[in-house]
Amino acid sequence: MYHIKYWSVVALCLMSLPCVASSGKLLATPGVSQIEGNAGGGIVPWAQLAGYASDDEFSINGFCSRADVTDYTLDVCGAQLNLFNRVEFSYAIQQFDVPAFNAQIEQNISGVKVRLYGDIVYSEWPQLSAGILHKSLDDGSIAQLVGAKSTSGTDFYLAASKLHLGAIAGYNWFWNLTARYSEANELGLLGYGGESDSTRVLFEGSTALFLSRELAVGVEYRQKANNLNLGEQDWKDVFVAWIPNKYVSITAAYLDLGRIAGANAQTGWYFSVTGYW
């Protein structure tokens with residue numbers, strides 16, 4: 001029933017849209033909302049900070065998303081605060097349905113992202129940001145059952161993003177690269193660490209082409225560790241993002257999440273709505 005609560009939050013956000021005031025950035029440049037609560041693509045954090053706040057403004061955003069694949073669903077809702085286009089604070093609640101255990105896993109994620117350098121449009125070099133995501137499970141029994149060492153953990157990441165205006169046949173082209181240090185198993189939903197000495201530094205990337213000022217199509221890739229020897233696989237998606245104005249963005253994607261907790265071929269759909277005010 002939690003997803004009903006989540007989508008109710010988004011409805012309230014959209015009802016508040018006339019309160020939107022900040023307008024310092026170009027349309028679509030903040031990106032959308034990522035499933036861990038920060039600004040980015042659907043599955044990859046980007047260097048952009050959430051919302052349209054410029055250097056003398058602040059903005060608050062709310063979002064909800066759902067990923068529905070072969071054997072699982074993941075509902076996420078959260079909020080982001082952008083202070084003066086320098087620091088982003090985020091908070092998200094994830095709910096992961098696990099039919100095999102007749103259970104639901106809930107995880108809380110608190111994040112901070114700091115813009116270190118540049119602007120994705122106006123600087124010669126890419127915008128560079130560093131972020132921290134602290135995650136904790138409400139109930140770690142399933143994580144402990146599958147061999148995780150801890151039920152909480154912290155990810156550290158460094159992201160570089162750039163939007164090239166008119167770069168491909170006159171269309172705007174965006175790209176992002178992210179390096180992450182993490183011990184999380186399936187985003188942390190299955191805990192942190194395990195028996196395997198798996199790679200802790202992981203790489204993620206996104207690219208998109210803007211077919212118009214409001215519509216972008218792109219792909220994302222997220223490398224995953226295999227700490228539990230459950231065959232955790234890298235994630236991929238193909239997405240469409242529609243940003244009709246500075247009040248709302250809507251994202252839909254086709255997901256290929258590979259093997260999750262012993263279940264193969266986890267493919268399906270993702271949908272997200274973000275309200276800006």
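## Aromatic pairs

This predicted model holds 4 aromatic pairs. Take Trp-46 and Phe-174: their ring centres sit 4.5 Å apart, and with 45° between the planes the pair is tilted. Along the chain these two partners are 128 residues apart, so to speak a long-range link: Trp-46 belongs to the loop between strand S2 (39-40) and S3, while Phe-174 is in strand S9 (residues 171-181). How much of each ring's residue is left accessible? Trp-46 is buried at 6% relative accessible area, and Phe-174 is buried too, at 3%. Both values fall below the 20% cut-off, which is why both residues get that label.

Then there's Tyr-72 with Phe-96, which counts as stacked because the planes are at 25°, below the 30 degrees used as the limit for stacking. The ring centres of Tyr-72 and Phe-96 are 5.0 Å apart. This pair also links distant parts of the chain, with Tyr-72 in the loop between S3 and S4, Phe-96 in strand S5, and their positions 24 residues apart. Tyr-72 and Phe-96 are both buried.

## The main core and a second one

Tyr-72 and Phe-96 turn up again in the largest nonpolar core, a set of 44 residues. They are among the residues with the most contacts inside that core, along with Ile-35, Leu-74, Ile-105 and Trp-235. Plenty of elements chip in with two or more residues: strands S3 (58-69), S4 (73-83), S5 (87-98), S10 (201-210), S12 (235-245), S13 (248-256) and S14 (267-276), plus helix H2 (141-145). Which of them gives the largest share? That's S12, with 4 residues.

Leu-74 is a handy residue to click on here. Leaving aside residues up to four places away in sequence, Leu-74 touches Ile-35, Ser-65, Arg-66, Ala-67, Gln-94, Gln-95, Phe-96, Leu-187 and Leu-189. Two of those names, Ile-35 and Phe-96, are on the list of residues with the most contacts in the core as well. There's also a second, separate core of 5 residues, including Ala-47, Ile-109, Tyr-157 and Ala-159.

## Phe-156 on strand S8

Phe-156 lies in strand S8 (residues 152-168). Is Phe-156 buried, exposed or partly exposed? It counts as partly exposed, because its relative accessibility is 41%, which puts Phe-156 between the 20% and 50% cut-offs.

As for company, Phe-156 touches Gly-131, Ile-132, Ala-179, Arg-180 and Tyr-181, again not counting residues up to four places away in sequence. On the backbone side, the C-alpha atoms of Phe-156 and Ala-130 are separated by 7.6 Å, although the two residues are 26 positions apart along the chain.

## Two pockets

Now for the empty space. The largest pocket comes to about 190 Å³. It is lined by 15 residues, and the closest to its centre are Lys-25, Leu-26, Thr-29, Asn-85 and Asp-119. Sorted by class, that lining has 6 nonpolar, 6 polar and 3 charged residues.

The second largest pocket has a volume of about 160 Å³. Its lining is made up of Leu-26, Leu-27, Ala-28, Thr-29, Leu-163, Leu-165, Asn-172, Phe-210, Ser-212 and Arg-213. Here the class split is 6 nonpolar, 3 polar and 1 charged. Leu-26 and Thr-29 are worth finding on screen: they are listed in the lining of this second pocket, and they also appear among the residues closest to the centre of the largest one.

## Loop residues to look at

Ala-28, from the lining of the second largest pocket, has a phi near 80°, a positive value in a residue other than glycine. Ala-28 is in the loop between helix H1 (2-15) and strand S1 (32-33), and it is buried, with a relative accessible area of 10%. Ala-169 likewise has a positive phi, near 50°. Its place is the loop between S8 and S9, where Ala-169 counts as exposed because its relative accessibility is 74%.

Last stop is Asn-102, in the loop between S5 and strand S6 (103-117). Asn-102 is exposed, with 73% relative accessible area. How far apart in space are Asn-102 and Phe-84? The distance is 44 Å, C-alpha to C-alpha, for two residues that are 18 apart in sequence.

Key:
Residues numbered from 1 in each chain as written. Predicted model: local features only at pLDDT ≥ 70, side-chain atom pairs only at ≥ 80, totals over all residues. Heavy atoms only, no water. 1 Å grid on protein atoms, 1.4 Å probe; cavity = no way out; pocket = protein on both sides within 12 Å on 5 of 7 lines; lining within 4 Å. Points joined across faces, edges and corners; volume = space filled by probe spheres on them. Nonpolar A, V, L, I, M, F, W, Y, C, P; charged D, E, K, R; others polar. Core = buried A, V, L, I, M, F, W, Y, C linked by side-chain atoms within 4.5 Å. Buried < 20%, exposed > 50% of the residue type's maximum accessible area, 1.4 Å probe, protein only. Contact = heavy atoms within 4.5 Å. Phe/Tyr/Trp six-rings, centres within 6.5 Å; stacked < 30°, edge-to-face > 60°.
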